[in-house]
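Subject: Structure handover and what I found in it

Hi,

Here is the structure I promised to pass on to you. Have a look at it first, and then read on for my notes.

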Amino acid sequence: MDDNHLGDFLRARRAGLRPEDVGMASYGARRVAGLRREEVAVLTGVSADYYTRLEQGRERNPSAQVLDALSRALHLDEDARAHLYRLAGTALDDQAATHTTEQVSPALRQLMDGYPNTPALVLSPALGILATNALADALYAPFKPADNLARMTFADPAGRDFYTDWDRAAQATVANLRQAAGYDPDHPGLREVVRTLTEQSPDFARLWNAHSVRGKTRDAKRLLHPDVGPLSLTYQAFDVRDAPGQQLVIYHAEPGSPSAQALDLLGSLHATRRQDDTQAGPGRRR
């Protein structure tokens, strides 16, 4: 990751808009995709020279008024707007950039284990899997290892079969990493994940360069598990207040649905296998 994060973000979002998207007429041949710098400057109410300096990294401290105008000009949603503010060093919230601990508290682990009928896991900002309950272990059993959601999506062969709508899952995964990079661009785990996947996966590199931003809050997932078949799940993500940067993610299925029945079956199969492994010899659980 280079050090002109603000300029890269502005350039990528500008490239994703057409003049007609912002109510402007298009004149002349366009050498590059998206809006011209001069057009964004007009929409923002700043000079073309000032906006150019923002993109080139020669101006790094725009005012809140300019950031608000850029948000409107580039049609940023709330996640992307907050990300823009963080890149400019003018965060909208009080969450300070900090390297999160990789340790999950015993109390949180106990809470997760108290939900035996739904998968629960704790993630780091780099989407590393820090802790799981038994059903989450069963859910992610197709991955070897189940260590990082981004790596599992882009670098594990199981990913494209596991995520029924792989393109959507891939876009969301990269957008989650982009938001985390806005909070803490120097997070060592995040930098390593981005570097490795950029080298290994052209799909990841393309999506990373698009600079889409999205928080992990609530969404639906359509999965295909080799043991129990299709699963339609919804997840909720919660910030871990005593470990900034960590998120607790809990999946659930509609009660009485085929997916709920499949989760019950998956839990039973996993419990049986763990019992067999225990009888065969000592095992290891995250």
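To begin with a question: how many of the 18 residues of α10 are buried? The count is 14, so to speak of α10 as mostly covered is fair. The length of α10 also works out well: at 1.5 Å a residue, its 18 residues should span 26 Å, and the C-alpha atoms at its two ends are indeed 26 Å apart.

Before the rest, please keep in mind that this is a predicted model. The protein chain has a mean pLDDT of 90, with 92% of its residues at 70 or more. Among its elements, α8 has the highest mean pLDDT (98), while helix α13 (residues 258-280) has the lowest (86).

Aromatic pairs

I went through the rings next. A pair of aromatic rings is described by the distance of the centres and the angle of the planes. The count for this structure comes to 9 aromatic pairs. One of them is F143 with F162: the ring centres are 5.0 Å apart and the planes stand at 75 degrees, which makes the pair edge-to-face, since anything over 60 degrees counts as such. F143 sits in the loop between α7 (134-139) and α8 (149-154), whereas F162 belongs to helix α9 (residues 159-162), so this contact ties together parts that are 19 residues apart in sequence. F143 and F162 are both buried.

Another pair is F154 with F204, also edge-to-face, with centres 5.2 Å apart and planes at 85 degrees. Here F154 comes from helix α8 and F204 from helix α12 (residues 202-209), so the pair ties together parts that lie 50 residues apart in sequence. Both F154 and F204 are buried.

You may also like the cluster in which ring pairs link Y140, F143, F162 and Y163.

Two arginines are worth a look alongside the rings. The charged end of R86 sits over the ring of Y183, 3.7 Å from the ring centre. Likewise, R160 has its charged end over the ring of W166, 3.7 Å from the centre of that ring.

Salt bridges

Side chains of opposite charge can pair when their charged atoms come close. Searching the whole structure gives 20 salt bridges. In one of these, the side chains of E55 and R37 meet at 2.9 Å, N to O. This pair links distant parts of the chain, with E55 in helix α3 (residues 48-56) and R37 in helix α2 (residues 37-44), 18 residues apart. E55 counts as buried, at 0% relative accessibility, while R37 is partly exposed, with a relative accessible area of 24%. E55 and R37 also belong to a network of salt bridges that links them with D8, R11 and R14.

Back at α10, R168 forms a salt bridge with D219 (2.9 Å, N to O). This is another link between distant parts of the chain: R168 is in helix α10 (residues 166-183) and D219 is in strand β3, 51 residues apart. R168 is partly exposed, with a relative accessible area of 38%, and D219 counts as buried at 10% relative accessibility.

A salt bridge within one helix joins E192 and R195, whose closest N and O atoms are 2.6 Å apart. E192 and R195 are 3 residues apart in helix α11 (residues 188-200), so about one helical turn separates them. E192 is partly exposed at 38% relative accessibility, and R195 is partly exposed too, with a relative accessible area of 40%.

The strands

In a regular strand the side chains alternate between the two faces of the sheet. Strand β3 (residues 218-225) shows this alternation: D219, K221, L223 and H225 point to one face and are buried, whereas R218, A220, R222 and L224 point to the other and are not. Strand β3 is joined to strand β4 (residues 229-239) by 8 bridges, and the two run antiparallel. For K221, the bridge partner in β4 is L233. The connection from β3 to β4 is a hairpin through 3 residues.

Enjoy exploring it!

Best wishes

Terms used:
Residues numbered from 1 in each chain as written. Predicted model: local features only at pLDDT ≥ 70, side-chain atom pairs only at ≥ 80, totals over all residues. Heavy atoms only, no water. Phe/Tyr/Trp six-rings, centres within 6.5 Å; stacked < 30°, edge-to-face > 60°. Helix = DSSP H or I, 4+ residues; strand = E, 2+ residues; numbered from the N terminus. Buried < 20%, exposed > 50% of the residue type's maximum accessible area, 1.4 Å probe, protein only. Lys NZ or Arg CZ within 6 Å of the ring centre and 35° of its normal. Pairing = 2+ DSSP bridges. Salt bridge = Lys/Arg side-chain N within 4 Å of Asp/Glu carboxyl O. Expected span 1.5 Å × (residues − 1). pLDDT = per-residue confidence, 0-100.
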